Amino acid sequence: MTRERFMEALTRHPAVAVALARSLAGRVVATDALRSVAQRSTGTIALVALAGDLPFEDAVEGLARALRRFATTAVLGDGVEPVANEPPGRLLDRLERDHEYVILPCREIVGSWFEFCVRQADRVIVLAHPTTTPPDERCRVALRGCDVLMTGMPPADALMAAFSPRTHEWPDIHAPERPAVERLARRLVGRSVGAVLSGGGARALAHIGVLEVMMERGVIIDRISGCSMGALVAALFAMGRTPDQIIEVLRSELVHRNPFRDFTVPRVALLRGGRLTAMLARLFGDTRIEDLPIDCFCVSADLFTADLVVHRLGDVRTALAATMTIPGVTPPISAGGRLLVDGGVLDNLPVGPMAVLDAGPIVAVDVMRQLAVTRRDGEAPLTLMDILVRSTVLGSRHASALATEQVALVISPPVQDIGLRDFRQIDRAVEAGRRAARTAFERDDLASTLLP
């Protein structure tokens, strides 16, 4: 078409212009995740061993191999011949010019080489074992805010306290054959997939079906978060349970036991909350959030300060009790000087706390995107509890809409006809999640960017 004919078509048929704009915007977004890796500035990474009995060479080799899947990577001292009398700093400069990532291996936490590595690195990774003794105060200061790479079980409290790590990784319980170093590499290059699950009562059971399809399609979920009932699904997944196991656990707890039936005289809430507390104790015991095999967090709202509280540390059951406490339905949770309730009051789809880490694409699953449903003639009116549950998320709907602008893919299962407290519809909700996820992966070009 000539320019004149093209402009005439747009003028006479505005719908063509809208469709064209949407198509172009979709292509820009679809290629952004891939371009971001190529445009990423050079990263110098120091890999530091806390003790001499750790598999250091394997860790260096594994990290280099994982990074090379995404970007050019060099290991200082690995096949790199220095020029005569060339100081380490000049050699590093040369490697940084030719590679997107450079690994500085450091086998000891003492000496000039350790100081050089920590000083030059953009990111420091500490290799440790749960039994490793934390270093002295000088090294703690130098390594604070590092990434911790574990060779076994999750890090001990002493290590967490010593380093206040940015992230910590240990072997993937969903796929033991994948070493933790691969997950860390995906974080470094911005290809670590995160899943954010909204709150939504019984409708949030659709999240299970979405997670199942993502795993079937080969998507590796490195990070997961949620609000309210979405946080419960996220925590169970992060703990290592498969989608099938989550279905059976929640069928037992939410349908057969039903923690939302211990009614009381409504002084501060309709329910005592004891059944909910007992359920969380059965499911998680004394497990701490930082000990979960997959990076996980949930959100609650502070009634005193109106702040969104992000739970990344501490007891899983305390954090979940807070994020699942609907104002007026169950009593607020008092913790750390705060009075906490369901995070859906402020942010029912907590994409922001995950996006701020800039570690990779995010999939948001919003089961409350379609909140309204036409009421049928003769249908029972909403109960007080229904009203309280629905009103919890009304104030955050605008925030949820804005949050979807920061994600790679939004999946909205059609579950608006499932009652928010009708947990007996678990099979329908899960199947709705499966269908929505399959449709999203078939239609959306971005799905390919989620694959490792």
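Helix α4 passes helix α5 in a right-handed crossing, where right-handed describes a near helix turned clockwise from the far one by less than a right angle, and left-handed an anticlockwise turn. The model is predicted, and local features need pLDDT of at least 70, side-chain atom pairs count only at pLDDT 80 or more, while totals for chains, interfaces and linings use all residues. Residues are numbered from 1 along each chain as its sequence is written, and side-chain values use heavy atoms, with hydrogens and water left out.

The axes of α4 (residues 88–98) and α5 (residues 112–120) come within 12 Å and cross at roughly 35°; axes here are lines fitted to C-alpha atoms, for helices over the stretch in contact, with angles from 0 to 180 degrees between N-to-C directions. P88, G89 and L92 of α4 meet W113, F116 and Q120 of α5, contact being defined as heavy atoms within 4.5 Å. Sorted by class, this contact has 4 nonpolar, 2 polar and no charged residues, on a scheme in which Ala, Val, Leu, Ile, Met, Phe, Trp, Tyr, Cys and Pro are nonpolar, Asp, Glu, Lys and Arg are charged, and the others, Gly among them, are polar. Helices (H or I, at least four residues) and strands (E, at least two) are DSSP runs, numbered from the N terminus.

An open sheet of 6 strands, with parallel pairing, follows the order β2-β3-β1-β4-β5-β6. Because β2 (73–75) and β6 (167–169) stand at the edges with a single partner strand each, one side of each is left without a neighbour in the sheet. From one strand to the next the twist averages 20°. Helix α4 packs on this sheet and touches β1 (43–49), β2 and β3, its direction making about 145° with that of β3, while α5 lies across β1 and β3 and runs at about 150° to β3.

The table gathers strand pairs, which DSSP must join by at least two bridges.

| Strand pair | Sense | Bridges |
|---|---|---|
| β2 and β3 (residues 101–106) | parallel | 3 bridges |
| β4 (residues 123–128) and β5 | parallel | 4 bridges |
| β5 and β6 | parallel | 3 bridges |
| β7 and β8 (residues 221–227) | parallel | 5 bridges |
| β7 and β13 (residues 362–365) | parallel | 4 bridges |

Within the open sheet, the bridge partner of A74 in β3 is V102. Strand β5 (residues 147–150) is covered on both faces, with D147 and L149 buried on one side and V148 and M150 buried on the other; buried means under 20% relative accessible area, exposed over 50%, and partly exposed in between (1.4 Å probe, protein chains only). L149 stands opposite L127 of β4, and L149 also stands opposite E169 in β6. Between β4 and β5 the chain passes through helix α6 (residues 137–143), and this β-α-β crossover is right-handed, meaning that, with the strands pointing away from the viewer, the path from the first strand over the helix to the second runs clockwise.

Strand β7 (residues 193–197) is largely enclosed by the rest of the structure, because 5 of its 5 residues are buried. V193, A195 and L197 lie on one side of β7, and G194 and V196 on the other. V196 has S225 as its bridge partner in β8, whereas A195 stands opposite V363 in β13. With helix α9 (residues 206–216), β7 and β8 make a right-handed β-α-β unit.
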